[in-house]
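Hi everyone, thanks for making time. I'll walk you through one protein structure today, so have a look at it on the screen and then we'll take it piece by piece.

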Amino acid sequence: GVGQGVFKQKTGVDLEFYSLSGGSNTTLTLNGNTIVIDSTGGGSSRIESSVTTTGNTPTELEKINTLTDNATNIIEVYVKAYESGAAEYGVWKRTLTVTKVSGTVVIREENADVDKTSAGLNANSINFTVNGGDIDLDVTGIAATTINWESAYEIIL
């Protein structure tokens with residue numbers, strides 16, 4: 001292959017090789033004559049979803065259901081909205097502090113880090129509610145207006 005070789009030195013008829021070890025979030029396995037290096041990634045990944053609204057009825061955009069039990073969770077949530085075929089938009093970023101103890105979820109704090117909409121979409125909204133052991137992210141559009149919504153969230157800690 002390319003990069004750093006695994007051969008260290010030759011002493012007489014003996015060949016000496018460097019040791020290989022996997023760092024954080026990696027594994028090394030021997031498959032025949034090949035060493036396979038796999039990465040499981042680090043931290044949590046963002047979970048994305050989307051929905052379209054055509055009226056002003058609250059609609060579920062996301063269900064946050066990967067909370068750590070018996071812990072405090074910090075969650076970053078990003079939402080964008082745009083009117084189909086128009087230049088109207090909305091963007092939100094929320095940081096939630098959530099506890100989940102024995103399956104019971106409580107939203108302790110919701111910080112509005114970003115809250116910006118164009119004039120044509122200033123009547124829409126986002127809302128977080130506890131639903132059993134999950135958190136629902138509901139969006140409310142505008143009557144007779146097609147709005148495309150997208151969200152991404154990540155549990156930071």
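**A walk through the strands**

Let's begin with contacts. If you take the contacts between residues at least 6 apart in sequence, 56% of them join residues at least 24 apart. Keep in mind that what you're looking at is a predicted model.

Okay, what is the protein built from? It has twelve strands and zero helices. So if you read along the sequence, you just say "beta" over and over: β-β-β-β-β-β-β-β-β-β-β-β.

Now, how are strands held side by side? In general, strands of a sheet pair through backbone hydrogen bonds, and they can do that parallel or antiparallel.

Here's one of the sheets. Five strands line up as E5-E12-E7-E8-E9, the pairing is antiparallel, and the sheet is open. Which strands stand at the edges? They are E5, residues 47–53, and E9, residues 104–117; each has a single partner strand, so one side of each has no neighbour in the sheet. Going from one strand to the next, the twist averages 20°.

Let's zoom in on one pairing there. E7 covers residues 71–83 and E12 covers residues 147–155, and nine bridges pair them in the antiparallel sense. If you want a spot to click on, find Glu-83, which stands opposite Ile-147 in E12.

Next, another open sheet. This one has three strands in the order E6-E11-E10, with antiparallel pairing. E6 and E10 are at the edges with a single partner strand each, so each of them has one side left without a neighbour in the sheet. The twist here averages 25° from one strand to the next.

E11 has two pairings we can look at. With E6 it shares five bridges, running antiparallel, and there Glu-60 has Asp-138 in E11 as its bridge partner. With E10, E11 shares seven bridges, again antiparallel, and there Ile-126 is matched with Val-139 in E11. E10 and E11 also make a hairpin with two residues between the strands, and in that hairpin Gly-132 takes a positive phi near 65°.

While we're on positive phi, two residues that aren't glycine do it too. Ser-102 has a phi of about 50°, and you'll find Ser-102 in the loop between E8 and E9. Ala-144 has a phi near 60°, and its place is the loop between E11 and E12. Are these two buried or exposed? Ser-102 is exposed, with a relative accessible area of 61%, and Ala-144 is exposed as well, at 80%.

Now let's go inside. In soluble globular proteins, nonpolar side chains tend to be buried together. In our protein, 29% of the 157 residues count as buried. The largest nonpolar core has 23 residues, and the ones touching the most other members are Leu-67, Ile-75, Val-77, Val-79, Ile-126, Ile-135 and Trp-149. Where do the core residues come from? E6, E7, E8, E10, E11 and E12 each supply at least two of them.

Remember Trp-149 from that list? A search of the whole structure finds one aromatic pair, and Trp-149 is half of it: Trp-92 and Trp-149 are stacked, 5.7 Å centre to centre, with 25° between the planes. Trp-92 lies in E8 and Trp-149 in E12, so the pair ties together parts that are 57 residues apart in sequence. Both Trp-92 and Trp-149 are buried.

One more residue before I stop: Glu-110, over in strand E9. Glu-110 is partly exposed, with a relative accessible area of 39%. Which residues is Glu-110 in contact with, leaving aside its neighbours within four places in sequence? The answer is Arg-94, Thr-95, Leu-96 and Phe-128. Take Leu-96: it is 14 residues away from Glu-110 in sequence, yet the two are 4.6 Å apart in space, C-alpha to C-alpha.

Last, the outside. The protein exposes about 9600 Å², and carbon and sulfur atoms supply 48% of that.

To wrap up, if you take home two pictures, make them the open sheet of five strands and the open sheet of three strands. And for a detail to look up afterwards, try the stacked pair of Trp-92 and Trp-149. Thanks, that's me done!

Note on methods: Residues are numbered from 1 along each chain as its sequence is written. This is a predicted model: local features need pLDDT of at least 70, side-chain atom pairs count only at pLDDT 80 or more; totals for chains, interfaces and linings use all residues. Side-chain values use heavy atoms; hydrogens and water are left out. Two strands pair if DSSP finds at least two bridges between them. Helices (H or I, at least four residues) and strands (E, at least two) are DSSP runs, numbered from the N terminus. Axes are lines fitted to C-alpha atoms, for helices over the stretch in contact, and angles run from 0 to 180 degrees between N-to-C directions. Buried means under 20% relative accessible area, exposed over 50%, partly exposed in between (1.4 Å probe, protein chains only). Contact means heavy atoms within 4.5 Å. Accessible areas come from the Shrake-Rupley method with a 1.4 Å probe; for residues, only the protein chains shown count as cover. A nonpolar core is a set of buried Ala, Val, Leu, Ile, Met, Phe, Trp, Tyr and Cys residues joined through side-chain atoms within 4.5 Å. Rings of Phe, Tyr and Trp (its six-membered ring) pair if their centres lie within 6.5 Å; planes under 30 degrees apart count as stacked, over 60 as edge-to-face and the rest as tilted.
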